[in-house]
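Please open the model in a viewer and keep the selection panel at hand. The stops below are given in the order in which they may be selected.

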Amino acid sequence: IVRTGHKGLFERKPASLAPFDHAIAYVPSLDLYLDGTAEYTGSGELPTMDSGAMALQVGPNYTSLVTLPEATSQSNGSVRTVDAKLANNGSATAKVHIEIHGVEAGAARTRFHAEATQKQRLQDWLGRLIPSSKVLKSKVSLLDDIEAMPQFDLTIEVPQFARKEGNLLAVGIGPRASMIHTMAPTKSRLLSLRLPARQTQKDTWKIELPSGARVRSNEGNARRKVVVSSEGAYLELVTEVSNNVVTVTSTVTVDRTRFSVSEYPLFRKWAEDADRELETPLLIEVTP
């Protein structure tokens, strides 16, 4: 029996069943926890409400108060690849490949499983990653296999892939979700912060530039690397230019789910700095 994670921890004494609000199964021979209420979740994808939560194992001849396991940041998250061809007017066509693994995989299977609503939901989902984009073709794989990683292959057109500013194109690249908004919205806390899961999100954007265009942001440098790190949080942003192709790879890793009140300001500072780097557009100079 489980006290779901979003309700926090509690004192071990005095003994009481009142704090518990959920129940799952435990397989002793495999040391494996399975949540039968999470229909689209694989055996290695313990839902966030269970991950790291307090629980009471109740066996035939024993009871034991335990903390449920948390998956590593490398086993949770997504890998997204955008391969785009940019035009002088800021529009683009692109192919997008997305893989989702770990705790978010079950939510993806649930959301996109119904074919009747799949196209519209894909459009809404991609619109948050690449605003103004329109899905032309889509292929969704492995949603019926809860032990396999969901994969999405999309062909899109984007009328405003880049913002035109004179002879410059400003391209926003990488995760659109604000770290401050999603993880550290308040300036201070009275209680410790608990995040749903450890995770890593990797984005690779490969952009073929128009003829005669050059990257202004990396002028004089074929490769630029930025690292923003703090205790339990890490951002790496790498920009590489080769001929008329620019590749931007961002890796965001959050390796802890709990930050104390005293640790929170440093974590929030990391989120602010990471947002600043990710929100800085790639500037491309085009021929008039």
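A salt bridge is taken here as a side-chain nitrogen of Lys or Arg within 4 Å of a carboxyl oxygen of Asp or Glu. The model on display is predicted.

**Stop 1: a charged pair**

Select R163 and E165. Their side chains form a salt bridge, with 2.7 Å from N to O. Because its relative accessibility is 48%, R163 counts as partly exposed; E165, at 37%, is likewise classed as partly exposed. Over the whole structure, a search finds 13 salt bridges.

**Stop 2: the open sheet**

Next, display the strands in cartoon form. Eight of them may be followed in the order β8-β9-β7-β6-β13-β17-β16-β15, which is an open sheet of 8 strands with mixed pairing. Which strands stand at the edges? They are β8 (134–141) and β15 (223–230); each has a single partner strand, so one side of each lacks a neighbour in the sheet. On average, neighbouring strands of this sheet are turned by 10 degrees against each other, direction ignored.

Now add residues 115–129, which form helix α2. This helix packs on the sheet and touches β6 (77–86), β7 (92–101), β8, β9 (151–158) and β13 (199–208). The direction of α2 makes about 110 degrees with that of β8.

**Stop 3: the pairings of β6**

Strands of a sheet pair through backbone hydrogen bonds, either parallel or antiparallel. Strand β6 offers both cases. With β7, β6 runs antiparallel, and 10 bridges join the two. Select T81 to find H97 of β7 standing opposite. Between the strands of this hairpin there are 5 residues, and G90 takes a positive phi near 95 degrees.

With β13, by contrast, β6 pairs in the parallel sense over 9 bridges. Selecting V82 leads to W205, its bridge partner in β13.

**Stop 4: β16 and its partners**

Move along the sheet to residues 233–242, strand β16, and residues 245–254, strand β17. These two strands run antiparallel and are joined by 10 bridges. L237 provides a landmark, with S250 of β17 opposite.

Side chains of opposite charge can pair when their charged atoms come close. For one such case, select E240 and R223, which form a salt bridge with the closest N and O atoms 3.4 Å apart. The pair links distant parts of the chain, since E240 belongs to strand β16 and R223 to strand β15, 17 residues apart. E240 is partly exposed, with a relative accessible area of 35%.

For another case, select K225 and E236, whose side chains meet in a salt bridge of 3.5 Å from N to O. This pair also links distant parts of the chain: K225 lies in strand β15 and E236 in strand β16, 11 residues apart. K225 is partly exposed at a relative accessible area of 47%, and E236 is partly exposed at 22%. Then select R214, R216 and E285, which are joined into one network by salt bridges that share partners.

**Stop 5: backbone geometry in the loops**

Most residues other than glycine have a negative phi, and most peptide bonds are trans. Three loop positions may be inspected against that background.

Select K13 and P14. A cis peptide bond joins them, with omega of about 0 degrees. P14 is located in the loop between β1 and β2 (25–27).

Continue to D31, in the loop between β2 and β3 (32–34). D31 is not a glycine, yet has a positive phi of about 50 degrees. Is D31 buried or exposed? With a relative accessible area of 52%, D31 is exposed.

Then go to L142, in the loop between β8 and β9. L142 is also not a glycine and has a positive phi of about 70 degrees. Its relative accessible area is 40%, so L142 is partly exposed.

**Stop 6: a nonpolar patch**

Finally, show the molecular surface and select I1, L17 and V58. What do these residues make? They make a nonpolar surface patch of about 280 Å². I1 is placed in the segment before β1 (2–3). At 32% relative accessibility, I1 counts as partly exposed; membership of a patch requires over 30% relative accessible area and no salt bridge.

Methods: Residues are numbered from 1 along each chain as its sequence is written. This is a predicted model: local features need pLDDT of at least 70, side-chain atom pairs count only at pLDDT 80 or more; totals for chains, interfaces and linings use all residues. Side-chain values use heavy atoms; hydrogens and water are left out. Patches are made of residues with over 30% relative accessible area and no salt bridge: like charges are joined within 9 Å, nonpolar side chains (Val, Leu, Ile, Met, Phe, Trp, Tyr) within 5 Å. Accessible areas come from the Shrake-Rupley method with a 1.4 Å probe; for residues, only the protein chains shown count as cover. Helices (H or I, at least four residues) and strands (E, at least two) are DSSP runs, numbered from the N terminus. Buried means under 20% relative accessible area, exposed over 50%, partly exposed in between (1.4 Å probe, protein chains only). Two strands pair if DSSP finds at least two bridges between them. Axes are lines fitted to C-alpha atoms, for helices over the stretch in contact, and angles run from 0 to 180 degrees between N-to-C directions. Contact means heavy atoms within 4.5 Å.
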